[in-house]
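Work through these exercises with the structure open beside you. Try each task before reading its solution.

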Amino acid sequence: MKRKLLIVDDDEVFCRLLQRNFEGEYAVTAFSDPGKAAAYIRGNSVDVVLTDLSMPGMDGIGVLKVVKSESPGADVIIMTAYAKVESAVEAMKKGAYDYIVKPFAMDELSMQLRNLFEKRRLTEENINLRQFIGTGYRPENIIGESEAMREVRTFVERVSQTDATVLITGESGTGKELVAKAIHSSGKRKGRGFLLVHCGALPEEVLESELFGRGDGGSLPAAKERIGLFGGAEGGTLVLDEIGDMAPALQAKLLGILENRAVRRGENQPEAVSDVRVIATTNRDLGKLRREGRFREDLFFRLSVFSIRIPPLRERKGDIPLLAEHFFTQYRNEFDRQSMHLSREALDVLATYNWPGNVRELKSFFAKVCLLVDSDTISPRHLLERLPGPGEELVSYIDSGRSLGDIEKNLIRETLRKARGNMASAAKLLNISYDTLRYRMKKFGIRAETYRAGHEV
């Protein structure tokens with residue numbers, strides 16, 4: 001859904017120009033009459049109001065007052081001539097987010113709006129993150145019985161009792177953020193702030209301001225100063241999501257903060273940051289980035305005091321039924337489909353797909369299944385029709401009336417025969433993990449020694 005932008009300027013030509021410029025990116029409403037704009041605000045929700053400062057009848061300060069009264073969650077940007085900058089600063093003291101001086105380039109205003117909406121996204125995201133504290137993000141709630149996930153739970157339990165920095169690696173969608181939440185909510189910081197910033201989602205200068213704050217020794221008005229996430233996370237946890245995307249200059253500044261436990265905002269004196277736990281996550285190969293000179297080696301070692309890799313779903317297919325049942329139950333309840341159930345055969349189908357989007361893809365898949373399937377019984381066909389490229393062979397098996405379990409059992413037997421009972425080789429041929437093969441063999445009562453040389457029957 002597009003963000004809602006309201007434009008108010010008594011210059012009708014300029015007002016329509018702004019509307020045409022931004023209507024492709026945002027849901028734009030424009031008024032050249034500030035009185036009509038005020039009436040609109042009283043009856044409609046908006047995200048951001050872009051208003052001229054000097055207008056007849058009701059000026060920008062008046063528009064700001066209406067916004068703060070009727071739509072306090074909205075942000076206001078003041079457009080002003082250079083001679084009126086002091087009035088714009090006064091408007092910021094009364095609650096405006098920022099101002100821009102006319103004449104300005106459209107690209108300048110476009111960047112200001114993008115930065116504002118990104119800030120709103122981060123704020124909303126962090127509000128949601130704070131709400132999780134004490135609501136189930138515990139090590140024991142990390143789903144999976146594979147050896148790899150048992151190790152993850154053990155790691156979370158141990159590292160949560162320390163204040164050391166942690167590096168969490170893994171492909172997109174594997175659950176790195178979930179593990180970071182579990183570390184926070186299991187330790188002594190669970191009642192304090194939990195903030196997250198995506199290092200690749202913001203331009204370098206905006207990310208620097210978000211992380212370290214902004215100031216220049218007192219020349220900026222108080223409303224323009226910003227303490228940054230390091231200051232805001234004091235006593236709590238700060239997650240640097242996708243740290244591999246951070247620019248080299250910011251890597252150096254981050255290293256300085258981690259080593260000196262102090263942050264400098266602009267030209268201000270360094271301020272102590274003594275009690276912030278840092279957790280970094282990445283889906284990139286930091287070893288390769290280090291060799292290419294794109295990630296500082298000293299920062300890598302500073303971040304990875306403790307390091308944990310979250311395996312992709314294709315390496316722990318034995319966990320798929322557990323995750324599937326969890327997400328199915330979640331969305332069945334959310335969409336009021338309590339009569340719907342998932343067949344055992346349907347669960348078996350899920351292990352035939354490698355899930356390149358990992359747990360996130362599986363979760364999204366079940367949201368669509370629970371919403372779109374009309375039947376109360378989820379069958380293999382319902383899933384195969386919605387999996388990307390399930391393959392005609394699997395569909396033909398279903399059409400032939402053969403049990404998918406029988407098909408899977410025969411496939412494992414044939415592969416073990418080819419591998420002469422070597423389970424590691426068989427797992428490689430099947431493109432599944434060793435743990436998954438062992439799980440499936442136990443399920444079907446298949447023994448590897450049966451297929452070893454001299455024992456095959």
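Which residues line the largest cavity?

Two ground rules come first. This is a predicted model, in which local features need pLDDT of at least 70 and side-chain atom pairs count only at pLDDT 80 or more, while totals for chains, interfaces and linings use all residues. Residues are numbered from 1 along each chain as its sequence is written, and side-chain values use heavy atoms, with hydrogens and water left out.

**Exercise 1. Describe the cavity.**

Step 1: learn the term. On a 1 Å grid over the protein atoms alone, a cavity is a set of points where a 1.4 Å probe fits but cannot get out; lining residues have an atom within 4 Å of a point.
Step 2: list the lining. The residues are Ser160, Thr162, Asp163, Ile183, His184, Gly187, Lys188, Arg189, Thr237 and Arg277.
Step 3: give the volume, which is about 40 Å³ for the largest cavity. A volume is the space filled by probe spheres set on the grid points, and points are joined across faces, edges and corners.
Step 4: count. The structure holds one cavity of 30 Å³ or more.

**Exercise 2. Put the strands of the five-stranded open sheet in order, and find its edges.**

Step 1: recall the terms. Strands (E, at least two residues) and helices (H or I, at least four) are DSSP runs, numbered from the N terminus. Two strands pair if DSSP finds at least two bridges between them.
Step 2: read the order, E7-E8-E11-E6-E12, with parallel pairing.
Step 3: find the edges. Strand E7 (194-198) and strand E12 (306-309) each pair on one side only.
Step 4: add the twist, which averages 15 degrees from one strand to the next. Axes are lines fitted to C-alpha atoms, for helices over the stretch in contact, and angles run from 0 to 180 degrees between N-to-C directions.
Step 5: look at one pair. Five bridges link E7 and strand E8 (residues 237-241) in the parallel sense. Val197 has Leu240 in E8 as its bridge partner.
Step 6: place the helix. Helix H6 (residues 147-159) packs on the sheet and touches strand E6 (166-169), strand E11 (277-282) and E12. Contact means heavy atoms within 4.5 Å. The direction of H6 makes about 155 degrees with that of E12.

**Exercise 3. Explain why strand E4 is largely enclosed by the rest of the structure.**

Step 1: use the burial cut-offs. Buried means under 20% relative accessible area, exposed over 50%, and partly exposed in between (1.4 Å probe, protein chains only).
Step 2: apply them. Strand E4 (residues 75-81) is largely enclosed because six of its seven residues are buried.
Step 3: name the partners. Strand E3 (residues 48-52) runs parallel to E4, joined by five bridges. Asp52 stands opposite Met79 in E4. E4 also pairs with strand E5 (residues 98-102), again parallel over five bridges.

**Exercise 4. Is Asp336 buried or exposed, and is Asn358 buried or exposed?**

Step 1: check the backbone. Neither is a glycine, yet phi is positive: about 55 degrees at Asp336 and about 60 degrees at Asn358. Most residues other than glycine have a negative phi.
Step 2: locate them. Asp336 sits in the loop between helix H13 (320-334) and strand E13 (341-342). Asn358 belongs to helix H15 (residues 358-372).
Step 3: compare with the cut-offs. Asp336 has 59% relative accessibility, so Asp336 counts as exposed. Asn358 has 0%, so Asn358 counts as buried.

Note on methods:
1 Å grid on protein atoms, 1.4 Å probe; cavity = no way out; pocket = protein on both sides within 12 Å on 5 of 7 lines; lining within 4 Å.
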